[in-house]
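Biologist: I'd like a close look at one part of this protein, taken slowly. Could you pick a helix, walk me around it, and show me how it fits with the rest?

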Amino acid sequence: MSSGYRAGQYFKKKLRWLPAPCFNAARGTYRFFLRIPGPGECLGRMRRGIAQWRLRRMLSRIPRVARDRCWCGGELLPFRWHEGFGRCAKCGSYVNRQPIRDLKRLYSSPLYWHRVQEHAAIESRADLYRKDGRLERWLELVRRFGQDRRRVIEVGCAPGVLLAELQARGYHCLGVEPDEATAKWIHESCGVEIVQGLFPDVALPGCEMLLALDVLEHSAEPEAFMVRIAQLLEPGGIAIIQCPIDRYRLDPPMGEEAALAFNEFEHLFIFTDAAMRELGRRAGLEVVTLDEKPWHMRHELCIYRKPGDEGLEQG
Ligand SMILES: [Zn+2]
């Protein structure tokens, strides 16, 4: 597929002139000038550009399937910012028109966790999650919404740091990962039990809390994904879903994050609040809130609750 690349150029960042401080010793002041990047920087950018081009070329060779309907069944309208995506006429979701078919191949450890995510390979991601604040935010959400719900499943749990932290706090944790090598690595490095398989087609026990953080947008079947969550949750159970949701009325949608959100290799859907409500309705889950602030735009939050046990109060 090549059309998406052409359309994606709208998002490409312009070559930036870097501000350079210049110290005036006589006055003891700094002045700032714009400078052109030096030869070393240019070489570094060129190397990164070539590596990116080679990766895209390899990913573009993985077979795709054509998609002409939204997950909700809605018709797809043209999306002017990226012709690789269409916009659903019913729920407003942005839908990848030619998603990669073999998701297990895409999310294999050597390809995904060491080439696609080369800037933060799986071995260094726990540190990244601690530094950028997302781990702390997730733990706070689990504490606030989970309360006494101690049996936790995390779908797409790599690098396993969240489950390891929860396990250390006395939660009973189980992770799910599509790739065998990744599942083994998490188990060995974090000591958390991991089930290998592509959710929702995985045999799992029931749970009181289900976490899917930056996973739903990678799923070919968001509705089946949410229905399975509802099956696994005990009555009164909580699901914390984090995914890109177009909430800000920006043009392009997601603003400066658009290039990362509309990633035609990884993301099959960018959702709307209407879509998240409809997914909950079809799965039989109540929306607890759509108003939680994300740790960073493009990682929006939805909290759901499975009805049925009014004894377990929500957070
Ligand atoms: Zn739709």
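**A walk around helix H11**

Modeller: Sure! The chain has 11 helices and 13 strands, and keep in mind as we go that this is a predicted model. Of its 315 residues, 37% count as buried. Let's also get a feel for how the chain folds back on itself: take the contacts between residues at least 6 apart in sequence, and 62% of them join residues at least 24 apart.

Now for our helix. H11 covers residues 273-283, and its buried residues are Ala275, Met276, Glu278, Leu279, Gly280 and Ala283. What do these buried residues of H11 pack against? They sit against helix H9 (222-232) and two strands, S12 and S13, the latter being residues 300-305. Just after H11 comes glycine 284, with a positive phi, near 80°.

Let's move on to one of those strand partners. S12 spans residues 286-289, and valine 288 is part of it. Is valine 288 buried or partly exposed? Buried takes 20 or more C-beta neighbours within 10 Å, and valine 288 has 18, so it counts as partly exposed. Valine 288 also shows how sequence and space can part ways: alanine 239 is 49 residues away along the chain, yet their C-alpha atoms are 9.5 Å apart.

Alanine 239 is worth following, since it takes us into the largest nonpolar core, a set of 70 residues. Ala239 is among the residues with the most contacts inside that core, along with Ile153, Ile186, Leu210, Ile229, Ile240 and Ile241. In soluble globular proteins, nonpolar side chains tend to be buried together. Try clicking on leucine 210: leaving aside residues up to four places away in sequence, it touches Ile153, Val155, Ile229, Leu232, Leu233 and Ala239. Ile229 and Leu232 fall within H9 (222-232), the helix that the buried residues of H11 pack against.

For contrast, here is a helix pair elsewhere in the chain. The axes of H6 (residues 134-146) and H7 (residues 161-168) come within 10 Å and cross at roughly 50°, which makes H6 oblique to H7. The crossing is right-handed. H6 brings Leu135, Trp138, Leu139 and Val142 to the contact, and H7 brings Val161, Leu162, Glu165 and Leu166. Sorted by type, the residues of this contact are 7 nonpolar, 1 charged and no polar.

Note on methods
Residues are numbered from 1 along each chain as its sequence is written. Helices (H or I, at least four residues) and strands (E, at least two) are DSSP runs, numbered from the N terminus. A residue is buried if 20 or more other C-beta atoms lie within 10 Å of its own, exposed if 12 or fewer, and partly exposed in between; C-beta atoms are placed from the backbone. Two residues are in contact if their C-beta atoms, placed from the backbone, lie within 7 Å. A nonpolar core is a set of buried Ala, Val, Leu, Ile, Met, Phe, Trp, Tyr and Cys residues joined through C-beta atoms within 7 Å. Axes are lines fitted to C-alpha atoms, for helices over the stretch in contact, and angles run from 0 to 180 degrees between N-to-C directions. Angles under 35 degrees count as roughly parallel, over 145 as roughly antiparallel, 65 to 115 as roughly perpendicular and the rest as oblique. A crossing is left-handed if the near helix is turned anticlockwise from the far one by less than a right angle, and right-handed if clockwise. Ala, Val, Leu, Ile, Met, Phe, Trp, Tyr, Cys and Pro count as nonpolar, Asp, Glu, Lys and Arg as charged, and the others, Gly among them, as polar.
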